[in-house]
Amino acid sequence: MKYERMPIEIESPEEFGYDKIQYNLSESSVRDRTLSEVGIQLQDLVLLYGEHKGHRGLVEVIAKASGMAPSEVLVTFGAAEALFIIATTLLEKGDELVVVRPNYATNIFTPRAIQADIRYLDLTFEEQWLVDVDKLAALLTPRTKYVSITVPHNPTGQMLSEANLRRIVALVEKAGCRLLVDETYREMTFGGPLPCAASLSDRAISVSSLSKTYGIPGIRAGWLLCQDKALLETFLGAKEQIGICGSVVDEEIAFQALRQQDTWLPEITGRIQAAFRITRDWMAGEELMEWVEPKGGVVCFPRIKLDVPVDVDKFYRVLTEDFGTYLGPGHWFEQSRRHFRLGFGWPTLPELKGGLQGISAALRAAMT
Ligand SMILES: Cc1ncc(COP(=O)(O)O)c(C=O)c1O
């Protein structure tokens, strides 16, 4: 393995320093909750090794919410660990895979660390950041181990139709490879979620977590779903070698949080929609910017119009130093820095408005 730190993590707000940021528009989640907001007592929790596949109650709630059987669920240390387990299980040095780009960085960096041979499906602004299934099909070869997509997409917030998801499932079945769908934003799809990919085929693996929708990334609880029993057993072997089992504290909190989803989700969805409307109104009035309107999640990936003469480095510098606003610049996603990921779900609505005003002001200050 050749590990390398990812720019998105090196420059993440927690590494940069939350105290240096007034308007944090760089997050890809809703606002973080306190333990008391989750509303549980942990004093009597026994600190033993947990069941290796995960807290039994948590496994059941995940299975029910995903249309899967409990035996098809593996709880992991965040979606990040699930992605790591999948890549390191399915790939060896020199193996081929197809990965959508831009993407959440781990989906690219772990195959790279394994020194796998990545064939990129490059999404573009001009094509509305949509996955073209025919282009994807053309990238498959007999050596492809898996296809890796993220829906709703990070960093653009774009979706895939159910018909196209089913076409991709059929493609991997025919090719005899596998499909990894990073579904970390699934519950935040504006028009209602797609079925979990893993529920459609034993060749598909779904990944998700509690970090984004529920605003509790600090407990590190996620999961993978897979119908293929032998493969799931190998994934469990990987998890056991990494850390035996998950943290019983994290998994108890995750369980208590997830079983409140029916009361939490309407409130979360309402807040996301209010934040989205503010962002959309700002975009409509901001003549220097353009975007493809997101269809799910809490992030979008607008760009500074190509004919706007701007010193991009100065823009980011002024934005942070003079306007206290923090974004995810394009290079976090191996894209031009004229793009940035704007997270509208995490800041309070007044903070969001302050940050958007900061972007407009910094753009004008950085024009050449
Ligand atoms: C698409 C996607 N997948 C996975 C993750 C990892 O999330 P976590 O490990 O906190 O569950 C993230 C975090 O930003 C993400 O955006």
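## Ligand shell, domains and a small sheet

The largest share of the shell around the ligand comes from helix α5, residues 78–90, which gives three residues. This is a predicted model. In total, 13 residues surround the ligand. The closest are G78, A79, A80, S209 and S211. By class, the shell holds eight polar residues, four nonpolar residues and one charged residue.

Next, the domains. The protein divides into two parts: domain 1 covers 7–28 + 262–365, and domain 2 covers 44–259. Their C-alpha centres lie 26 Å apart. The two domains touch: 21 residues of domain 1 are in contact with 22 residues of domain 2. On the domain 1 side, α11 (261–285) and β10 are the elements that give two or more residues. Helix α11 provides the largest share of that side, four residues.

The table sets out the classes for the ligand shell and for the side of domain 1 that touches domain 2.

| Group | Nonpolar | Polar | Charged |
|---|---|---|---|
| Shell around the ligand | four residues | eight residues | one residue |
| Side of domain 1 that touches domain 2 | 12 residues | five residues | four residues |

Strand β10 also belongs to a sheet. That sheet is open, has three strands in the order β10-β14-β13, and pairs them in the antiparallel sense. Its edge strands are β10 (299–300) and β13 (328–329), each pairing on one side only. Strand β14 spans residues 340–343 and pairs with β13 over two bridges. Within β14, R341 stands opposite G328.

Technical notes. Residues numbered from 1 in each chain as written. Predicted model: local features only at pLDDT ≥ 70, side-chain atom pairs only at ≥ 80, totals over all residues. Near = placed C-beta within 6 Å. Nonpolar A, V, L, I, M, F, W, Y, C, P; charged D, E, K, R; others polar. Pairing = 2+ DSSP bridges. Domains from an automatic or database assignment. Contact = placed C-beta atoms within 7 Å.
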